[in-house]
Amino acid sequence: GYAFCIANLGHLLFQKGDFRSAQKKHEEALDIFGKKKNQLGVANETANIGNILCISGDIKNGLMLLQWGLNIHQQVGYKYGVATDLKLIGIHNLPLSKEVTLQKLNEAKAIFYEIQNTHEAEELDKLINDIKRNRY
């Protein structure tokens with residue numbers, strides 16, 4: 001319970017644009033989930049921290065953490081987490097490799113369709129088409 005509340009505070013701080021404080025909350029939640037051996041919580045918080053690092057300009061470490069979160073999500077079989085991680089990895093790779101970006105976004109889109117999250121899949125389809133048309 002408590003770790004989820006701390007993570008939610010991190011999400012709220014992130015939405016407010018306070019990335020440093022958000023990262024601290026996600027790190028705190030990660031520590032609690034790790035001590036409780038809650039792999040899903042560890043995966044979610046690792047990916048959250050990775051996303052924040054990428055947005056804050058530390059793309060290398062951010063992508064590494066997103067990949068780590070993805071690996072755990074795959075191990076525990078949490079498809080929504082897998083799709084979300086792939087989406088974020090794709091988006092944050094855009095300055096580095098358009099090819100990798102499109103590959104990851106297409107993988108994410110397929111999983112979103114598979115789990116019947118058509119809204120997310122259709123949004124990704126629009127983004128993929130915009131990237132192909134060099135709008136980003």
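**View 1. Val 76 sits in helix α4 of this predicted model.** Helix α4 covers residues 59–76, so look for Val 76 at the end of that numbered range. Is Val 76 buried, partly exposed or exposed? Its relative accessibility is 42%, so Val 76 counts as partly exposed. To count as exposed, Val 76 would need a value over 50%.

**View 2. Val 76 belongs to a nonpolar patch on the surface.** Which residues join Val 76 here? Leu 40, Tyr 78, Tyr 80 and Ile 115 form the patch with Val 76. Taken together, the five residues have about 380 Å² of accessible area. As you look around this patch, keep an eye on Tyr 78, since you will meet Tyr 78 again in the next view.

**View 3. The largest pocket is lined by 17 residues.** Tyr 78 is one of the lining residues that lie nearest the centre of this pocket, together with His 11, Asn 44, Glu 45 and Asn 48. Which elements give two or more residues to the lining? They are α1 (2–15), α3 (39–55) and α5 (79–93). The pocket holds about 270 Å³ of space. Sorted by character, the lining has seven nonpolar residues, eight polar ones and two charged ones.

**View 4. Lys 37 has a positive phi angle.** Find Lys 37 in the loop between α2 (19–35) and α3. Its phi is about 60 degrees, although Lys 37 is not a glycine. How accessible is Lys 37? With a relative accessibility of 68%, Lys 37 counts as exposed, because exposed means over 50%.

**View 5. Gln 116 also has a positive phi, and is not a glycine.** The angle here is near 65 degrees. Where does Gln 116 lie? This residue is found in the loop between α6 (98–114) and α7 (118–132). Gln 116 has a relative accessibility of 70%, so it counts as exposed.

**View 6. Gly 57 lies in the loop between α3 and α4.** Is Gly 57 buried or exposed? Gly 57 is exposed, because its relative accessible area is 57%. Now trace the chain from Gly 57 to His 92: the two residues are 35 residues apart along the chain. What distance separates their C-alpha atoms? In the model, the C-alpha atoms of Gly 57 and His 92 are separated by 9.9 Å.

Note on methods. Residues numbered from 1 in each chain as written. Predicted model: local features only at pLDDT ≥ 70, side-chain atom pairs only at ≥ 80, totals over all residues. Heavy atoms only, no water. 1 Å grid on protein atoms, 1.4 Å probe; cavity = no way out; pocket = protein on both sides within 12 Å on 5 of 7 lines; lining within 4 Å. Points joined across faces, edges and corners; volume = space filled by probe spheres on them. Helix = DSSP H or I, 4+ residues; strand = E, 2+ residues; numbered from the N terminus. Nonpolar A, V, L, I, M, F, W, Y, C, P; charged D, E, K, R; others polar. Patch = residues over 30% accessible without salt bridge, like charges linked within 9 Å, V, L, I, M, F, W, Y side chains within 5 Å. Areas by Shrake-Rupley, 256 points an atom, 1.4 Å probe, with all protein chains shown as cover. Salt bridge = Lys/Arg side-chain N within 4 Å of Asp/Glu carboxyl O. Buried < 20%, exposed > 50% of the residue type's maximum accessible area, 1.4 Å probe, protein only.
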